[in-house]
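Hi,

Here is the structure I promised to pass on. Have a look at it first, and then read on for my notes.

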Amino acid sequence: MSGLAWLTQSLEVLAALALAPLFLGWVNQCRAWLQNRKAPSLLLPYHGIRKLFHKDAVIAEHASPLFRAAPYVVFGAMVAAASIIPSMGTGLPFTTAADAIALVGLLAVARVFMSLAAMDIGTAFGTLGARREMMVGFLAEPALLMVIFVASLISATTALPLIAERLATQAAALYPSLAFTAVAFTMVLLAENARIPVDNPATHLELTMIHEAMLLEYSARHLALMEWAAALKLFNYACIGFALFVPWGTSTGASGPAGLLLSVPVLGFKLLVAGLWLALLETVSAKLRVFRAPEFLATAFMFAVLGLLVHLLLGA
Amino acid sequence: MNATSLDLQLLNTCAALLLLVSFAMLSQRRIVTLVNLLALQGALLCIATLLLAWRTGKSHLYVSAALTLGLKVVLLPWLLHRLIRRLEVHWDTEPLLNVPGTMLVGLLTVVFAFGLAQPIAELANTATRNAIGIAVAVILLAFITMITRRKAMSQVVGFLSMENGLFFGAMSATYGMPMIVELGVALDVLVAMLVLGVFFFQIREQFDSLDLHHLESLKEDR
């Protein structure tokens, strides 16, 4: 059984690394379709990353070592996060190493390093992006924690693989609290991954950027790692969402190799649907002014806390 | 996990959605949407009453479900929409608190309401006693909706939402009030609505606006 667990573990991390740019490409393609544009290639993110790895890096004169280290830290944090998210199987050896709260901490580490690196150079846009990122982050993080708390209360554990396993195996029941937190989670996902209501991933206007503004000074392999990390973050968030709200189909400890084999197409199907849904959400909503973003995230927090309260009161 | 039956789960979902609609009303600035939300709240209340009637087999709950449907989903929203058209008020002014602030106050109120309802819920012996907390929360949230608004229209919507909360509370605590009381309350609300409609025209005649702020100053001061 242990061999299978390690196989699941390594397969999940490798799948996250390989599929993250593909998922990003799929979301972009769906968006293009919905907006009546000619869709870019599904493999475009891979080409972008490969191209950047072949270029020579240029680094600002006054950059400190932190600026050079940040892409590796951010990328490493995202890979570490991918290793504790049950995207295919729940019998992960790393389950005991870090629970869902540590996962939120890992995401926070990535955010802090990214913001510090953006401020390190001292350009106006980098600082602006970093400040906005922190503003979004400090509002989104409590909402995300509340979302996780509700699922933890229902399944009586904070380890994400165990949450997914218990939610998948228990008797089917209506959970209004989970429905509320699903809405909150979707809003947090949009905000944290610099998607449309809060930030526009395709913008070229520096004044409205949040995520892109922090990457303006990066080039070549550093930029490639940062972009790959961003794709991984989106993938990770999608998989957290699956684990919390649609855990069915992931292989549990008892289902053996056949379950693991079955969980691969299931994950693919979930990602297809999630990408389409994300693109649809982004197409129907307009970008908010930066100062309306707190209102958006306060709503997400409200949904999450409401879910928590409803669960505590009704036990559902 | 908990093995509650499906109809109780549906009832709980209805209760949760009622709470959500209350929050939506709290943060809504457009008066037309506010009235639509009130109608939605009424519809949820009607569904909850029907579910409870089916669960308990009490026939008078069917009557009150029909009453809810007729009065709170159809008649009152229609009256309010007509008033809005006649008075030409489509926007509420900026509420006294900003939206995130209102929501935080609302969340604290919900916590307070749940604590407040706990001893009552322990006394009740209905299957839906847990939902009493939600009913109290809906009432208090409607209070906040009234407090944070300046326009008479939104205050009336808050008042009607409060009545919805009271109705839901009575339903979940004791499976509904006696028929005579329910009919009386329904009639009261209808008459209050009509009288307030007349009031609106009078207020606007006097001050050229529906802002209740004007009522606070005495005539001599103006």
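Chain A is built from eleven helices and zero strands, so going by the cut-offs used for helices and strands, its elements read α-α-α-α-α-α-α-α-α-α-α from the N terminus on. Keep in mind that this is a predicted model.

As for overall dimensions, the C-alpha atoms of chain A fit a box of roughly 60 × 45 × 40 Å along the principal axes. Its radius of gyration is 19 Å, which agrees with the value near 20 Å that a compact globule of 316 residues would have. Of those 316 residues, 50% are buried. If you take the contacts in chain A with a separation of 6 or more, 80% of them are between residues 24 or more positions apart.

Chain B

Chain B has seven helices and zero strands, and from the N terminus on its elements go α-α-α-α-α-α-α. Its C-alpha atoms take up a box of roughly 60 × 35 × 25 Å, again along the principal axes. The radius of gyration here is 18 Å, and that agrees with a compact globule of 222 residues, for which the figure would be near 17 Å. Buried residues account for 41% of the 222 residues in chain B. Among its contacts between residues at least 6 apart in sequence, 74% link residues at least 24 apart.

Where the chains meet

How many residues does each chain bring to the contact? Chain B brings 21 residues and chain A brings 17 residues. On the side of chain B that touches chain A, the elements giving two or more residues are helix 1 (6-27), helix 4 (99-123) and helix 5 (132-147) of chain B. Helix 1 of chain B has the largest share of that side, with nine residues. Sorted by class, the side of chain B that touches chain A holds 15 nonpolar, six polar and no charged residues.

The nonpolar core

The largest nonpolar core has 165 residues, and the ones that touch the most other members are A:Ala143, A:Val188, A:Leu297, B:Leu18 and B:Leu19. Helix 9 (residues 220-245) of chain A gives the most to this core, namely 18 residues.

I had a look at two of those well-connected residues. A:Val188 sits in helix 7 (residues 176-192) of chain A. Is A:Val188 buried or exposed? It has 30 C-beta neighbours inside 10 Å, so A:Val188 counts as buried; the cut-off for that is 20 or more. Apart from its neighbours within four places in sequence, A:Val188 is in contact with A:Ala140, A:Ala143, A:Leu144, A:Val147 and A:Ala300. One of these partners, A:Ala143, is 45 residues away from A:Val188 along the chain, yet their C-alpha atoms are separated by 7.2 Å.

The other residue is A:Leu297. Again leaving aside neighbours within four places in sequence, A:Leu297 is in contact with A:Val136, A:Leu139, A:Ala140, A:Ala143 and A:Ala191.

A pair of crossing helices

Two packed helices are described by the angle between their axes and the distance between the axes. For helix 1 (residues 2-34) and helix 9 of chain A, the angle is about 90 degrees and the axes are 8 Å apart. Helix 1 and helix 9 of chain A are therefore roughly perpendicular to each other, since angles of 65 to 115 degrees count that way. Helix 1 of chain A makes this contact through A:Ala16, A:Leu19, A:Ala20, A:Pro21, A:Phe23 and A:Leu24, while helix 9 of chain A uses A:Trp228, A:Ala231, A:Leu232, A:Leu234, A:Phe235 and A:Ala238. By class, that makes twelve nonpolar, no polar and no charged residues.

Two backbone details

Which residue in the loop between helix 1 and helix 2 (44-53) of chain A is worth a look? It is A:Asn36, which has a positive phi of about 60 degrees although it is not a glycine. A:Asn36 is exposed, because only 6 other C-beta atoms lie within 10 Å and the limit for exposed is 12 or fewer.

A:Ala220 also has a positive phi, near 50 degrees, and is a residue other than glycine. A:Ala220 is found in helix 9 of chain A. With 16 C-beta neighbours inside 10 Å, A:Ala220 counts as partly exposed.

Cheers

Notes
Residues are numbered from 1 along each chain as its sequence is written. Chains are lettered from A and ligands numbered from 1 in the order in which they are written. This is a predicted model: local features need pLDDT of at least 70, side-chain atom pairs count only at pLDDT 80 or more; totals for chains, interfaces and linings use all residues. Two residues are in contact if their C-beta atoms, placed from the backbone, lie within 7 Å. Helices (H or I, at least four residues) and strands (E, at least two) are DSSP runs, numbered from the N terminus. Ala, Val, Leu, Ile, Met, Phe, Trp, Tyr, Cys and Pro count as nonpolar, Asp, Glu, Lys and Arg as charged, and the others, Gly among them, as polar. The radius of gyration is taken over C-alpha atoms; the globule rule is 2.2 Å times the number of residues to the power 0.38. A nonpolar core is a set of buried Ala, Val, Leu, Ile, Met, Phe, Trp, Tyr and Cys residues joined through C-beta atoms within 7 Å. Axes are lines fitted to C-alpha atoms, for helices over the stretch in contact, and angles run from 0 to 180 degrees between N-to-C directions. Angles under 35 degrees count as roughly parallel, over 145 as roughly antiparallel, 65 to 115 as roughly perpendicular and the rest as oblique.
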